Each structure stands twice: as structure tokens, then as C-alpha cells.
Amino acid sequence: MVALAAVITVVVLANSDDKTNNRAHTSSSSTSATPSASASATPSDDPSPSDSPTSSDFESTMPSPADGKIPFYLLKVGDCYDRPAGGGGNNDSASCNGPHDAEVVTTHRLEAGLTTETGIRNKASSLCRNELESKAARQPAGTAEGTYVQYPTLNGYKLGIKTVSCSLTGNSTGTKKLTKPLS
């Protein structure tokens, strides 16, 4: 279990700026906050059901909301957070009623069969696109100008992390904060 925890920690904390092992995708648009296309990935060997980790395996080995860190795969619609310095999948919990980097608009679950980082990224982006565009269009002008799509690396996907978290941000560079809950 300790080895699994170490692997999961390394996978989830992978730097989101690494283009070959990317698991978070941002884009910016002052009018529609449209996520740009990303690629999808599929594992070549799906573990048997008895070998598949459960969500409780991940929850017991990763930071919890109680310690101020929220792994992207535990985010729920309406959760607000700050992105950690340097990227990674463990967001810093933040109040929606004060300055914060992002708010979750929707979450999705990736289907089985993805085998590449590009495939995972593309699928995650396509799952989020319509809902992010729709929610961004309903915001007051100048409010939400960017998107943030978080998804597992190929290794995380193979370990059973299938959640995609789709968020709106103040802007894609993190220099502009949201200051209240989204409309």
C-alpha cells in the first residue's frame, strides 16, 4: 500500500507544465473561456477488477480537504480553490467568497480504453468544452476569462483515477482572481 501511495503521489503531483506528462490544461479567452483541444490516452492493459484500486485507496493516501489540499479527483461542482505554485494535482482549498483562482463547473469520468497521454488530454478537454463555454457566457463581462481542466496522467489513469475536473478561472495565467461564486 505504501508503494502504491508513493506512485500515486508522484503521478498526481506531476508538474502541469510538462507537456509530455501534462494532466492539467489551461486556455484563455476573454469572451468565451473556451478550452483548447487536448489529447486522450488509453492504457494498453486494463487491470483486472481485483487489481483495480478503489477511490478509498486514493483518498486514504492523498491529502484531504481537512488539511487544506484537495486532489483534483475529489473536487465537486461549486468547489473553489487556488492552484498550487508549480502546478500539480493537489489544489489549495479557498473560499468562493474571497479571492480564488478557480471554481469547478463540472466533473466527468473518463471511459475505459484510453492508451496515451494525448488521448486523455483530448478526451478531458472535449468532455469539459461545452459546459465551460456555457457557464463562461453567463458570467458578467471580465469575470471568468480562462479555463482549467485537470485530468490524470497515463499512469494515474492506469491506476484507476478517471476523474476530470473542469473549472473556470479569472484568467489562464493566474494573475487575475475570481472574487465571488460564479453566477
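**Figure 1. C80 is a buried residue of the predicted model**. The relative accessibility of C80 is 4%, so C80 counts as buried (buried means under 20% relative accessible area, exposed over 50% and partly exposed in between, with a 1.4 Å probe and protein chains only). Its partner here is C96: the two form a disulfide, with their sulfur atoms 1.8 Å apart (a disulfide is called when two cysteine sulfur atoms lie within 2.5 Å). C80 sits in strand β3 (residues 80-82), whereas C96 belongs to the loop between β4 (90-93) and β5 (102-109), so the pair ties together parts that are 16 residues apart in sequence (helices are DSSP runs of H or I with at least four residues, strands are runs of E with at least two, and both are numbered from the N terminus). C96 is buried too, at 16% relative accessibility. The torsion about the S-S bond is about 105 degrees, so the link between C80 and C96 is right-handed. Residue numbers start from 1 along each chain as its sequence is written. As this is a predicted model, local features need pLDDT of at least 70 and side-chain atom pairs count only at pLDDT 80 or more, while totals for chains, interfaces and linings use all residues; side-chain values use heavy atoms, with hydrogens and water left out.

**Figure 2. C128 and C166 form a disulfide**. Their sulfur atoms are 1.8 Å apart. This pair links distant parts of the chain, with C128 in helix α3 and C166 in strand β7, 38 residues apart. Right-handed or left-handed: which is the link of C128 and C166? With -60 degrees about the S-S bond, it is left-handed. Both C128 and C166 are buried. The count for the protein comes to two disulfides, and they follow the pattern 1-2, 3-4 when bonded cysteines are counted along the chain.

**Figure 3. A closer look at the surroundings of C166 in strand β7**. The relative accessibility of C166 is 0%, so this cysteine counts as buried. What is C166 in contact with, beyond its neighbours within four places in sequence? The residues are E103, V104, V105, T106, H108, C128, L132 and Y148 (contact means heavy atoms within 4.5 Å). For L132, the C-alpha to C-alpha distance to C166 is 7.2 Å, although the two residues are 34 apart in sequence.

**Figure 4. E117 is buried yet has no salt bridge**. You will find E117 in helix α3 (residues 117-137). The nearest side chain of opposite charge is that of R121, 5.6 Å away (Lys and Arg count as positive, Asp and Glu as negative, and His and the chain ends are not counted; a salt bridge needs a side-chain nitrogen of Lys or Arg within 4 Å of a carboxyl oxygen of Asp or Glu). The side chain of E117 does reach the backbone nitrogen of L154, at 2.7 Å.

**Figure 5. I161 lies in a loop between α4 and β7**. The flanking elements are α4 (154-159) and β7 (163-169). I161 is buried, with a relative accessible area of 4%. Y151 and I161 are 10 residues apart in sequence, and their C-alpha atoms are 8.4 Å apart in space.

**Figure 6. The whole protein has four helices and seven strands**. From the N terminus on, the elements run α-β-α-β-β-β-β-α-β-α-β. Of the 183 residues, 48% count as buried. Among contacts with a separation of 6 or more, 74% join residues 24 or more positions apart.

Key:
A polar contact is a pair of N or O atoms within 3.5 Å; within protein, one must be able to donate a hydrogen and the other to accept it, and residues adjacent in sequence count only if both atoms are side-chain atoms.
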